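Trainee: Could you walk me through one part of this model up close? I'd like to see how a single helix is built and what sits around it.

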Amino acid sequence: MSIADRIHITKRAGSSGWQSVLTRVLAIVAALVASGLIMLIMGYDPLEIYGRIITSSVTSARKLRETLNKTILLTVLSLGISVAFRMKFWNIGAEGQFYMGAFGAALVAFGFPELHPAVLLPLMGLSALVFGGIWAIIPALIKLKFSTSETLVTLMMNYLAIAFIAYLESGPWKDPKGLGVAKIAMFPDNASMPEVLGVHAGWIITLVLVVVMTVMMKYSKFGYQVDVLGESETTARYAGMNTVKVTLIAVAISGGLCGLGGYMQASAIEHSITSQLSGGLGFTAVITAWLAKLKPPVIVAVSFVFAMLLKSEVSLQALNMPSAITGIIQGVIIFFVLGSEFFVNYRISFRKAEKEG
């Protein structure tokens with residue numbers, strides 16, 4: 001009997017929660033070890049790099065604040081993506097929904113500059129939710145009507161949204177005081193989100209969203225419908241669900257949350273909007289949402305780790321180390337965590353070799 005014949009793979013009937021968690025933790029540890037070996041081959045000290053990642057991210061109030069700012073944005077974007085992903089609607093358009101949300105917030109900020117912040121800021125957030133949701137609903141409608149791939153449509157709409165903001169920068173919204181530079185004017189002071197405990201108030205909104213999304217997706221009728229639809233559209237229809245309605249509501253929530261991220265970034269960090277507002281975090285959020293298994297509390301932790309990696313890129317460059325090292329670490333973590341899913345769902349056993357007579 002050959003070695004291949006002796007290997008027997010069977011699907012697990014079910015694994016306990018702690019076994020799944022342990023498997024994924026071991027996968028992350030293995031990923032860090034593997035990343036360290038890659039760094040050694042490249043001629044770098046992995047302990048120095050890991051130490052630099054930590055010291056450049058959390059060892060001072062300023063560094064921690066900047067890391068938390070990225071964590072907030074990644075968490076909100078990942079929450080939005082997770083809603084659609086649970087339904088097997090592959091929303092890769094967080095980036096575009098983010099920009100359209102920022103645009104919606106800017107419309108209110110520039111349109112009603114005299115409003116009190118207690119009124120203006122909530123209106124900006126509501127506008128961001130609406131514009132982000134609408135931008136997400138468009139590819140959903142196209143899919144429902146023409147059976148197109150939402151992956152491709154949402155991806156393409158990212159670039160449409162960014163191009164639209166770039167057009168505003170050099171066209172209708174170009175700042176006349178910008179000395180010819182293509183940029184949009186700053187928001188009025190009352191349109192800037194205040195700080196709470198040294199970090200912009202978006203962290204409070206984010207924690208509330210984590211709780212709300214956890215309860216809604218785990219315990220509400222809507223969350224159950226989303227999960228059933230994600231498992232089988234045929235089953236959902238057989239159960240009497242209005243699949244079109246559930247799809248559109250879920251996608252609107254997904255895009256609206258991503259739009260809310262745009263509002264936070266524009267109001268609290270940039271105090272304006274630009275075509276480089278997100279820094280590509282809309283794409284990173286796809287990874288963090290997936291690694292967190294679409295679970296809101298886990299999304300927070302994963303987003304914080306990735307925010308640390310992103311924050312450390314400049315610091316690594318200062319040591320003449322390529323910033324791509326953080327990308328390598330991210331990629332290896334993804335590879336190992338996704339690989340660990342095999343061991344969570346399947347068991348490998350070995351048959352005893354048969355004695356030859």
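Mentor: Let's begin where helix α3 begins: a side-chain oxygen of Asp45 reaches to within 3.1 Å of the backbone nitrogen of Leu47. Keep in mind that this is a predicted model, so treat that distance, and the others below, as values computed from predicted coordinates.

From there, check the length. α3 covers residues 46-58, which makes 13 residues, and at 1.5 Å a residue they should span 18 Å. The end C-alpha atoms are 19 Å apart, which agrees. Now for the burial pattern: Pro46, Ile49, Ile53, Ser56 and Ser57 of α3 are buried. Those residues cover an arc of only 105 degrees around the axis, which puts them on the same side of α3.

What does α3 pack against? One partner is helix α13 (residues 296-311), whose axis comes within 8 Å of the α3 axis. The two axes cross at roughly 100 degrees, and angles from 65 to 115 degrees count as roughly perpendicular, so that's the label for α3 and α13. On the α3 side, the contact is made by Ile53, Ile54, Ser56, Ser57 and Val58; α13 brings Phe304, Met308, Leu309 and Lys311. Ile53, Ser56 and Ser57 turn up both in this contact and among the buried residues of α3.

Zoom in on Ser57, which belongs to α3. Its relative accessibility is 0%, so Ser57 counts as buried. If you skip the neighbours within four places in sequence, Ser57 is in contact with Lys63, Leu64, Thr67, Met308, Lys311 and Ser312. Two of those names, Met308 and Lys311, are on the α13 side of the helix pair.

Thr67 is a handy stepping stone to helix α4, which runs over residues 61-86. α4 has 26 residues and reaches 36 Å from its first C-alpha to its last, close to the 38 Å expected at 1.5 Å a residue. Inside α4, the backbone oxygen of Thr67 lies 2.8 Å from a polar atom of the Thr71 side chain. Thr71 sits in α4 too, and with 6% relative accessibility Thr71 counts as buried. Leaving out residues up to four places away in sequence, Thr71 touches Val300, Ser303, Phe304 and Ala307. Phe304 is a name you've met already: that residue of α13 is part of the contact with α3. Just after α4, Lys88 takes a positive phi of about 65 degrees.

For contrast, take another helix pair. Helix α8 (residues 202-219) and helix α11 (residues 243-270) have axes 11 Å apart and pack at an angle of about 170 degrees. Anything over 145 degrees counts as roughly antiparallel, so α8 and α11 are roughly antiparallel to each other. Gly202, Ile205, Thr206, Leu209, Met213 and Met216 in α8 meet Ile253, Leu257, Leu260 and Met264 in α11.

One last stop is Pro322, in the loop between α14 (313-318) and α15 (324-345). At 30% relative accessibility, Pro322 counts as partly exposed. Not counting residues up to four places away in sequence, Pro322 touches Met42 and Tyr44. The C-alpha atoms of Pro322 and Leu123 are separated by 43 Å, with their positions 199 residues apart along the chain.

Technical notes:
Residues numbered from 1 in each chain as written. Predicted model: local features only at pLDDT ≥ 70, side-chain atom pairs only at ≥ 80, totals over all residues. Heavy atoms only, no water. Helix = DSSP H or I, 4+ residues; strand = E, 2+ residues; numbered from the N terminus. Expected span 1.5 Å × (residues − 1). Buried < 20%, exposed > 50% of the residue type's maximum accessible area, 1.4 Å probe, protein only. Arc of directions from axis to C-beta. Polar contact = N/O pair within 3.5 Å; in protein donor to acceptor, adjacent residues only side chain to side chain. Axes fitted to C-alpha atoms, helices over the stretch in contact; angles between N-to-C directions. Parallel < 35°, antiparallel > 145°, perpendicular 65-115°, else oblique. Contact = heavy atoms within 4.5 Å.
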